[in-house]
Every structure is written in structure tokens, then in C-alpha cells.
Amino acid sequence: MQNLSTSFILGYHGCDRRVGESLLLNKPFEPSQNDYDWLGSGIYFWEANPARGLAWAKELQLHGKGKSNTIEEPFVIGAVIELGYCLDLISSTGLEFVKAGYKDFIKVIKATGSKMPRNQGGNDLFLRYLDCAVMNHIHDVNKKVNRQQFDTVRGVFLEGRPIYLNSGFHEKTHIQICVRNSKNIKGVFRVPTDQLEIG
């Protein structure tokens, strides 16, 4: 798919402080496997955006009470990530690949008589059931036909309100990285507090 010329990026992972401190001591990351994950199953990072990673952990703290991923103290850690073999949804090639995967996914749904998942959750579609299913379908097919597995998936998302009237810029626009091969996480680091301030 893509072995990008800029193969290393800095990613930021929002989490609970306890989890973050253990990751800084080389505990392995646990992949997310929710059926609504935006880029399918994997380990999630905000590219070049530590403040957004921390903001996300704070959002989880507010909305995740009583769930298994409850956050008591919002925290963010940084990671050096090698994109490697990347399904890059910022590129035309990557988007065409996912479009073909969606068409194949429709065939599977029809053949099995399953119900087609739908993205839900307001204008930002917070619950990406369809997108997650399509991404995981692509990875499953690659595995079944012995095709090279993607190390990472990368996508840009317009999220939040416009930053001013009639703006094409949104307050939570970001690039998300989903790491599927944990060997592509080359190291983790503590984020300096001055990098967590906005403005």
C-alpha cells in the first residue's frame, strides 16, 4: 500500500495515569477492539497532537464512569511510531483500497444475510460501526489470502464545530493512527507539560 517517505511520526495516546505510567515502564499496549473504533482494531494515537490526546482522556473521564475503561486521572504519553506498511487514508490509493474493501464487505453481508452496520452518534459519527467493520474485514481478507498485513492505518477526521462562521476548519480536526503491529511502536516518552497547553 504505502511505505511513506516520512516513515516515523510522533503519536500521543490518551489514557489513565496508572496505565500511562506502566506503559512508560515498558508494559505492552492493549489494542482496542471495540466494534465502533474509527479505524478498526488496534492501538490508537493522535498524530503530532499531545493536547488532543489529553483532551480525549478528559472526555473519557467525563463520559466513561462505570465502564471498564474508566479514567480516574487523565494522562497522555508520547510514542515514536514507524508507519511501515501503512493503509494511509490521506492518500488516494488508500481511499480506493478501502472503497474496494467496502464493496467486498457488502457481498459478504448479502451472502450471510447479516445486518449492515451503520455509523451513528451525531454529526461527528462517534460510533463508527460500519467503518470499523469494513476496516476489520479488509484485515481479515488480507490474512486469509496471505497478503501482507498492514502495520498501521492512518486517517484524517474533521470533528467538532467550525472554528468560525462558515469555516471549513473544525475545532477537533485531527489525524489518527491505528497501530496494528505493536513492533512499530519504537519507544514511548513522557510528554513535557508545556506541550499540553493550547494557545
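Leaving aside its neighbours within four places in sequence, which residues is L39 in contact with?

1. The model is a predicted one, and the opening question can be answered from its coordinates. Once the neighbours within four places in sequence are set aside, L39 is in contact with Y44, L89, M135, V153, R154, G155, F157, Q176 and C178.

2. L39 also belongs to the largest nonpolar core, which has 18 residues, and it is one of those that touch the most other members, together with L87, L89, V98, M135 and V153. At least two residues of this core come from each of α3, α4 and β7, and α4 gives the most, with 5 residues. Another core, of 15 residues, lies apart from this one and has C15, A79, I177 and V179 among its members. As general background, nonpolar side chains in soluble globular proteins tend to be buried together.

3. The packing of helix α3 (residues 92-112) and helix α4 (residues 129-144) deserves a paragraph of its own, since the angle between them is about 90 degrees and their axes are 9 Å apart. Because angles of 65 to 115 degrees count as roughly perpendicular, α3 is described as roughly perpendicular to α4. On the α3 side the residues that meet α4 are F97, V98, G101, Y102, D104, F105 and V108, and on the α4 side they are L130, A133, V134, M135, H137, I138, V141 and N142. By class, the residues of this contact divide into 11 nonpolar, 3 polar and 1 charged.

4. Is E159 buried or exposed? This residue, found in the loop between β7 (152-157) and β8 (174-179), has a relative accessibility of 4% and therefore counts as buried, the cut-off for that class being under 20%. The side chain of E159 makes a polar contact, at 3.4 Å, with the side chain of H174. Neighbours within four places in sequence aside, the residues in contact with E159 are W38, R52, D124, F126, H170, E171, K172, T173 and H174.

5. A second glutamate, E30, lies in the loop between α1 (17-24) and β2 (43-47). E30 counts as exposed, because its relative accessibility is 65% and the cut-off for that class is over 50%. Between the C-alpha atoms of E30 and Y102 the separation is 27 Å, the two residues being 72 residues apart along the chain; Y102 is one of the α3 residues that meet α4.

Note on methods
Residues are numbered from 1 along each chain as its sequence is written. This is a predicted model: local features need pLDDT of at least 70, side-chain atom pairs count only at pLDDT 80 or more; totals for chains, interfaces and linings use all residues. Side-chain values use heavy atoms; hydrogens and water are left out. Buried means under 20% relative accessible area, exposed over 50%, partly exposed in between (1.4 Å probe, protein chains only). A polar contact is a pair of N or O atoms within 3.5 Å; within protein, one must be able to donate a hydrogen and the other to accept it, and residues adjacent in sequence count only if both atoms are side-chain atoms. Contact means heavy atoms within 4.5 Å. Axes are lines fitted to C-alpha atoms, for helices over the stretch in contact, and angles run from 0 to 180 degrees between N-to-C directions. Angles under 35 degrees count as roughly parallel, over 145 as roughly antiparallel, 65 to 115 as roughly perpendicular and the rest as oblique. Ala, Val, Leu, Ile, Met, Phe, Trp, Tyr, Cys and Pro count as nonpolar, Asp, Glu, Lys and Arg as charged, and the others, Gly among them, as polar. A nonpolar core is a set of buried Ala, Val, Leu, Ile, Met, Phe, Trp, Tyr and Cys residues joined through side-chain atoms within 4.5 Å.
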